[in-house]
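Q: Please take a close look at one helix of this predicted model, and then set that helix in the context of the packing around it.

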Amino acid sequence: MEQTQEKRDLVVLVGLNSPVLGRDGTADDSSMEELSALVETAGGEVTAILLQNRDKPDPRTFIGEGKVAEVQLYVENTEATMVIFDNDLSPSQMRVLTGLLGVQVLDRCGLILDIFAQRAKTREGRLQVELAQYQYLLPRLVGMWTHLERQAGTSGKGPIGSRGPGETQLETDRRHIHRKIAKLREDLEEVRRVRGTQRDRRQKNEIPVVAIVGYTNAGKSTLLNQLTGAAIPANNRLFDTLETTSRLLSVSDTLDVVVSDTVGFIRKLPHQLVEAFKATLEELEYADLLLHVIDVSSPEWQQQTQVVEALIHELGADQLPRINVFNKSDLVGGDILPHGEDIVSVSAKTGQGIGDLLAMIGKRLDKGSRRVTLHLPYDKGGLLDALYREAKVEQVDYSDTIDVTAVCTPKTLGQVSQWIESKPQE
């Protein structure tokens with residue numbers, strides 16, 4: 001049996017709380033706790049956490065010379081291998097801090113990119129991550145070649161911060177990197193084109209699309225599994241889902257929908273990732289309904305909800321109908337659960353409340369489809385092909401006529417009304 005265990009990075013976390021940084025740029029206790037969870041997700045171990053209060057950042061060292069000396073002591077005493085800041089650092093600040101502290105320095109943006117590099121498995125996911133990494137690294141190239149020698153490529157191996165695109169790509173000049181970024185954007189546009197074709201096909205079939213959105217680790221994949229029986233990996237860690245996963249869901253005997261799981265949102269999401277992941281997140285723009293999954297067991301659920309709402313707005317999807325799904329309700333006392341119109345409390349893990357959610361989806365998306373029996377003359381057999389394309393055909397029998405039982409939309413009902421056996425069943 002293998003006795004050795006892969007060595008984990010020992011990490012000192014540093015955050016600066018300053019009014020000039022704004023709500024999205026400053027650090028506080030909750031964001032530091034989240035950063036600690038991100039380090040754990042990336043495979044590291046936090047040895048110390050320092051939160052600095054300061055009127056404004058120091059232009060050179062961000063936290064000031066005195067605090068840098070304090071961080072250095074923590075690094076030495078805990079034998080830390082890196083320091084990660086909860087704030088965004090400028091390229092010059094990162095270089096100065098790396099020199100003063102003698103270990104690798106990373107900021108929150110770099111850490112999130114690293115986690116995405118670990119998690120991305122499909123070609124599309126890797127393209128998105130690689131594009132975001134190049135955009136992040138481009139202004140940091142000057143004077144960072146010794147740091148980039150550590151880059152191990154997007155293989156998922158190596159220490160935190162080492163999953164960049166790789167030294168072989170980055171040892172060339174800026175023009176080459178700009179060309180690489182342009183090529184990645186072209187490839188992602190092709191991904192969007194293919195997605196658009198798939199969407200057109202779904203719209204042609206009049207199958208509504210339901211997109212699951214929410215803060216990272218809110219339970220979106222678990223909900224998709226509970227609704228559709230899909231075997232999507234659902235683990236208790238941040239950013240477990242990076243690529244959109246779509247499954248067919250029969251809401252009722254007259255309504256089928258396509259349910260799509262999306263990447264989790266997080267506060268201070270690097271803007272490079274918002275741009276790079278448009279190819280995945282643009283599913284939201286074309287959805288008929290959003291399920292906003294909220295981890296009601298989290299003490300931060302209200303702030304997390306605001307983060308998701310802001311990103312939905314940025315993606316142009318804030319006008320879409322939505323249902324707020326308060327998940328993990330089995331972990332919360334029933335008297336304090338949120339309630340109201342378009343709000344449902346569920347436990348994706350136990351199945352509690354799923355029936356109520358399905359009823360709510362059906363009420364929102366049922367467009368009047370009905371099950372009917374048709375008696376088609378044989379010279380109208382071509383209509384059967386149309387029914388297979390545009391309706392849900394359940395049974396076909398050949399006798400004096402072609403007898404078809406199908407669930408049809410109002411549009412299809414109008415096309416075949418003269419061959420309906422009786423009035424649509426309620």
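A: In helix α4, which spans residues 91-101, the buried residues are Q93, M94, L97 and L101. Viewed down the axis of α4, these buried residues fall within an arc of 100°, so they line one face of the helix. The elements against which the buried residues of α4 pack are two helices, α3 (65-78) and α6 (123-137), and two strands, β3 (82-85) and β4 (104-107). Just after α4 comes G102, whose phi is positive, at about 75°.

Turning to the wider packing, the largest nonpolar core holds 65 residues, among which I84 and L111 touch the most other members. Helix α5, covering residues 108-119, gives the most to this core, contributing 7 residues, and the core draws at least three residues from each of domain 1 (9-169) and domain 2 (206-365). If residues up to four places away in sequence are not counted, I84 touches V11, V12, L13, V14, L35, V39, L106, D107, L111 and I160. There is also a second, separate core of 23 residues, which includes L227, L291, V346 and L365.

As for confidence in the prediction, the protein chain averages a pLDDT of 81, and 81% of the residues score at least 70. Over residues 143-155, however, pLDDT stays under 50, and for this stretch the model has 32 contacts beyond four places in sequence.

Definitions and conventions
Residues numbered from 1 in each chain as written. Predicted model: local features only at pLDDT ≥ 70, side-chain atom pairs only at ≥ 80, totals over all residues. Heavy atoms only, no water. Buried < 20%, exposed > 50% of the residue type's maximum accessible area, 1.4 Å probe, protein only. Helix = DSSP H or I, 4+ residues; strand = E, 2+ residues; numbered from the N terminus. Arc of directions from axis to C-beta. Contact = heavy atoms within 4.5 Å. Core = buried A, V, L, I, M, F, W, Y, C linked by side-chain atoms within 4.5 Å. Domains from an automatic or database assignment. pLDDT = per-residue confidence, 0-100.
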